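Me: Please take a close look at one part of this model for me, the aromatic rings. I would like to know how they are placed, and then how that part fits into the rest of the chain.

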Amino acid sequence: MKTELTEDYNIEILDNTYDGILLISLRNKISALNLLIYVCYLPQEMSTRGHDAGSFFNHLLLLNYMYTDYDKMFIVGDF
């Protein structure tokens, strides 16, 4: 699977500055299809890793506004 993705797409990590959010760009090498994949983890409220849902979702929204030139967006994770 990884080989097929790297053959067909240019893959780039666009953002990993906020703990719990990883933003990946997949740009097809042949067609004009551009994808964004958000991989997210928001810890539980009483977690030792902290829980600041407001700033988490604010950062997610900021990223959406920054990368509007993509065809499709997928948000996957544990909220």
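Reply: Happy to! For burial, the cut-offs are under 20% relative accessible area for buried, over 50% for exposed and partly exposed in between, with a 1.4 Å probe and protein chains only. The model is predicted, so local features need pLDDT of at least 70 and side-chain atom pairs pLDDT 80 or more, while totals for chains, interfaces and linings use all residues. Residues are numbered from 1 along each chain as its sequence is written, and side-chain values use heavy atoms, without hydrogens or water.

A little of the setting helps before the rings. The chain holds 2 helices and 4 strands (DSSP runs numbered from the N terminus: H or I of at least four residues for helices, E of at least two for strands). Their order along the sequence is α-β-β-β-α-β. The C-alpha atoms fit a box of roughly 45 × 25 × 15 Å along the principal axes, and 28% of the 79 residues are buried.

Now to your rings. The whole structure contains 3 aromatic pairs (ring centres of Phe, Tyr or Trp, its six-membered ring, within 6.5 Å; planes under 30 degrees apart are stacked, over 60 edge-to-face, the rest tilted). One of them joins Tyr-18 and Phe-56 edge-to-face, with 6.0 Å between the centres and 65 degrees between the planes. Tyr-18 sits in the loop between E1 and strand E2 (21-28), whereas Phe-56 belongs to helix H2 (residues 53-66), so this pair ties together parts that are 38 residues apart in sequence. The two partners have their own burial classes: Tyr-18 is partly exposed at 23% relative accessible area, and Phe-56 is buried at 1%. Phe-56 also pairs with Phe-57, again edge-to-face, at 5.2 Å centre to centre and 90 degrees between the planes. Phe-57 is partly exposed, because its relative accessible area is 38%. Taken together, Tyr-18, Phe-56 and Phe-57 make up one aromatic cluster.

Phe-57 leads on to the surface. Along with Met-73, Ile-75 and Phe-79, Phe-57 forms a nonpolar surface patch of about 380 Å² of accessible area. Patch members have over 30% relative accessible area and no salt bridge; nonpolar side chains (Val, Leu, Ile, Met, Phe, Trp, Tyr) are joined within 5 Å, like charges within 9 Å. Ile-75 lies in strand E4 (residues 72-78) and is partly exposed, because its relative accessibility is 39%. For the chain as a whole, the accessible surface comes to about 5600 Å², 55% of it from carbon and sulfur atoms (Shrake-Rupley method, 1.4 Å probe; for residues, only the protein chains shown count as cover).

Back towards the loop that carries Tyr-18, Asp-15 is part of strand E1 (residues 9-15). Asp-15 is buried, because its relative accessible area is 11%. Its side chain makes a polar contact of 3.0 Å with the side chain of Thr-17 (N or O atoms within 3.5 Å, one able to donate a hydrogen and the other to accept it within protein; sequence-adjacent residues need two side-chain atoms). Beyond four places in sequence, Asp-15 touches Ile-21, Leu-22, Leu-23, His-59 and Leu-63, where contact means heavy atoms within 4.5 Å.

Strand E2 offers another link. There is 1 salt bridge in the structure (a Lys or Arg side-chain nitrogen within 4 Å of an Asp or Glu carboxyl oxygen). Asp-69 and Arg-27 form it, their closest N and O atoms being 3.7 Å apart. The bridge connects distant parts of the chain, from Asp-69 in the loop between H2 and E4 to Arg-27 in strand E2, 42 residues apart. Arg-27 is partly exposed, at 30% relative accessible area. Apart from neighbours within four places, Asp-69 is in contact with Arg-27 and Asn-34.

Asn-28 is also in strand E2 and is buried at 18% relative accessible area. A polar atom of the Asn-28 side chain lies 2.9 Å from the backbone nitrogen of Ser-31. Leaving out neighbours within four places, Asn-28 is in contact with Asp-8, Tyr-9, Leu-33 and Asn-34. As for the chain overall, 42% of contacts with a separation of 6 or more are between residues 24 or more positions apart.
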